[in-house]
Amino acid sequence: MYINGQWQQASSGKSFDVFNPADGDRIGSVPDGGREDAERAIAAASTAAPAWSARTAYERSAILRRAWELMLARADELARLMSTEQGKPVKAARFEVQYAADFLLWFAEEAKRLYGETIPSARADQRFLVAHQPVGVVAAITPWNYPVSMLTRKLAPALAAGCTVVLKPAESTPLCARAVFEILHEAGLPAGVANLVTAADPRPIGEVFTSHPAVRKITFTGSTAVGKALARDAAATMKRMSMELGGHAPFIVFPDADPEHAAKGAAGVKFLNTGQACISPNRMFVHRAILDAFVHTLAQRIGKLRAGLGLDPDVAIGPLNNEAALAKVARQVEDAVAKGAQLVCGGERLHLPGLEKGCFYAPTLLTGVTPDMQIYREETFGPVAAVIPFDDTDDILAMANDTDYGLAAYVYTRDIARAFRMFEGLRFGIIGINDINPTSAAAPFGGMKESGLGREGAREGIFEYLETKLGGFAV
Ligand code: ADP
């Protein structure tokens, strides 16, 4: 763990092992932190806060910029580590490192642009001044699916804003987190400004984070269920909150779209990270007029996806994170087939030579999916494309919005008026119009409804870590 600028063991002296999810090999071990460690880290962050927030934005920016340089310099090494620890193909891991580094640079730049404003008053003797100040100590909890970029997406804006941080990474990917903190340390971040607490059991750490009076903000990326529980607990001390939670993205293909182009896009985004992404399409609404061409191209693309060890350059599909995740995917597919969906390809666990311990599931295509099936409502988080044929284009907006989630949505159409209507009508935070990658450090990422609170990245991303202060001056 990294507390107060030093690498430390857990107070209990315990540690836990980390495994490669593809073959089950033990690849390392990290301290198993508990309450006491979380409290120590919060104390270090509290002590460091006044001096860090008093630094100029230019000084904070320079450190983040050095971290950006260091991360890019060791991008290949980090990508290999990520592939080994998380299972994703090394090429995808390399893209993630670039995306992660982008946040360091973007917020190094934004640190210098935290402008306030003056507001004219109705009183001749009064002046209003609005300024922004860091919220204080931030507690961050991050997931395993993007084990480097989900850290920098929180750390970079928090540090740029002048906050100090305690971060708990997911228990299956602490080595990537350690590598990120090594970079921050080498970049010259002062002691106590960012602290890392690793733990096999997240619950006691979460309890300390949400109840400790010194923590002023909780930022979380993970499942909706855990996000709601953290928000409930943090409400007792009215902490600021950012929540980036689950999704159930619609992917809508109108009859005027090119079905092949749309199917290639669908294959590209659906099987990224083996479907383990909150912006993964979960319901593919395809107009019946182009259904056959779409399904044919998608099946062809799926046929080319090889599963295996992420370090193998030809592999596109890594393992699922654990047995429970695989069981959930299998249950959704079985349920859909039992209720009448057609299985075009996949639909089974893969047993790969030498990788028997890995949770591999075949890339799967279901068509004829209907609203009574579990996959129509539940987030899948796995490599299953679920196609729902539709006939009436007037119904589609209501069908797409009929979900408790509201993170990402995708639309394929060549009709500009339709594109605008969909962009404006979809109750989702991120809309890709003929675009499967509407994400960037420069663009606000986040969801509506039960997909969360707040935005990460972009100008919005840093305001999540700032308070607004008003001054009224009688002159
Ligand atoms: P996923 O289903 O993607 O694993 P989780 O929400 O379970 O999502 O995990 C995301 C992060 O939340 C991880 O860092 C995990 O350790 C943490 N987490 C899970 N349960 C709790 C909890 N009860 N309190 C605090 N953190 C938790």
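User: What makes the mean positions of the positive and negative charges of the protein chain lie 5 Å apart, in terms of what is counted?

Analyst: The 49 positive and 53 negative charges of the protein chain have mean positions 5 Å apart. Lys and Arg count as positive and Asp and Glu as negative, while His and the chain ends are not counted. Each charge is placed at NZ of Lys, CZ of Arg, CG of Asp or CD of Glu. This is a predicted model, in which local features need pLDDT of at least 70, side-chain atom pairs count only at pLDDT 80 or more, and totals for chains, interfaces and linings use all residues. Residues are numbered from 1 along each chain as its sequence is written, and side-chain values use heavy atoms, with hydrogens and water left out.

User: Why is the protein chain called as compact as a globular protein of its length?

Analyst: The protein chain has 14 helices and 22 strands (DSSP runs: H or I of at least four residues, E of at least two, numbered from the N terminus). Its radius of gyration is 23 Å, close to the 23 Å that the globule rule gives for 475 residues, so the chain is as compact as a globular protein of that length. The radius is taken over C-alpha atoms, and the rule is 2.2 Å times the number of residues to the power 0.38.

User: How do you know that S5 and S6 pair, and in which sense?

Analyst: Two strands pair if DSSP finds at least two bridges between them. S5 (residues 117-119) and S6 (residues 126-134) have three bridges, in the antiparallel sense. Glutamate 117 stands opposite valine 130 in S6, and six residues lie between the two strands of this hairpin.

User: What pairs with S6 over nine bridges?

Analyst: Strand S22 (residues 466-474) does, in the antiparallel sense; proline 134 stands opposite leucine 466 in S22.
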